[in-house]
Amino acid sequence: QLQLVESGGGLVQAGGSLRLSCAASGRTFSSNYMGWFRQSPGKEREFVAAIRWSGSSTSYAETVKGRFTISRDTAKNTVYLQMNSLKPEDTAVYYCAVRRGSYSSSPDGYGTWGQGTQVTVSS
């Protein structure tokens with residue numbers, strides 16, 4: 001079925017930028033949301049951002065609002081996360097996920113996940 005592959009992670013200095021990509025192998029429908037989550041050692045997976053495939057409506061966690069931007073390219077079945085003004089607190093494994101139906105910021109609401117990409121921000 002649907003498969004998600006993240007890329008673009010790496011090591012960056014505080015204040016720098018990274019652009020993450022999440023490529024889906026299948027089609028994404030207008031009723032679906034794609035989201036970004038992150039998880040660091042000893043912590044639960046937390047919501048970062050989500051975007052509706054049709055109309056490009058977006059939602060962000062308060063911790064990243066104004067610094068991160070989520071976008072998508074429907075022709076490429078790809079969602080992006082542009083991360084600016086990165087902080088050491090942003091260090092985590094970042095995952096993309098797909099949800100069918102209404103918006104949700106809960107990881108339990110997303111049924112398909114990628115393998116994750118590591119983002120490390122040095123102080």
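Biologist: Over which ring does the charged end of Arg 45 sit?
Modeller: In this predicted model, a charge sits over a ring if CZ of Arg is within 6 Å of the ring centre and within 35 degrees of the ring normal. The charged end of Arg 45 is placed 4.7 Å from the centre of such a ring. That ring belongs to Trp 113.

Biologist: Which residues do ring pairs link into a cluster with Trp 113?
Modeller: A search of the whole structure finds seven aromatic pairs. Ring pairs link Trp 113 into a cluster with Tyr 33, Phe 37, Phe 47, Tyr 95, Tyr 103 and Tyr 110.

Biologist: How do the planes of Phe 47 and Tyr 103 meet, and what is the angle between them?
Modeller: The two rings form an aromatic pair, 6.3 Å centre to centre. Planes over 60 degrees apart count as edge-to-face. Phe 47 and Tyr 103 are edge-to-face, with an angle of 80 degrees.

Biologist: How many residues apart in sequence are the parts that this pair ties together?
Modeller: Phe 47 lies in strand β5, residues 46-52. Tyr 103 lies in the loop between β9 and β10, so the pair ties together parts whose separation in sequence is 56 residues.

Biologist: Is Phe 47 buried or exposed?
Modeller: Buried means under 20% relative accessible area. Tyr 103, at 35%, counts as partly exposed. Phe 47 has 13% relative accessibility and therefore counts as buried.

Biologist: Which residues does Gly 9 touch, not counting those up to four places away in sequence?
Modeller: Gly 9 is found in the loop between β1 and β2 and is partly exposed, at 32%. Beyond its sequence neighbours up to four places away, Gly 9 touches Leu 20, Thr 117, Gln 118 and Val 119.

Technical notes: Residues numbered from 1 in each chain as written. Predicted model: local features only at pLDDT ≥ 70, side-chain atom pairs only at ≥ 80, totals over all residues. Heavy atoms only, no water. Phe/Tyr/Trp six-rings, centres within 6.5 Å; stacked < 30°, edge-to-face > 60°. Helix = DSSP H or I, 4+ residues; strand = E, 2+ residues; numbered from the N terminus. Buried < 20%, exposed > 50% of the residue type's maximum accessible area, 1.4 Å probe, protein only. Contact = heavy atoms within 4.5 Å.
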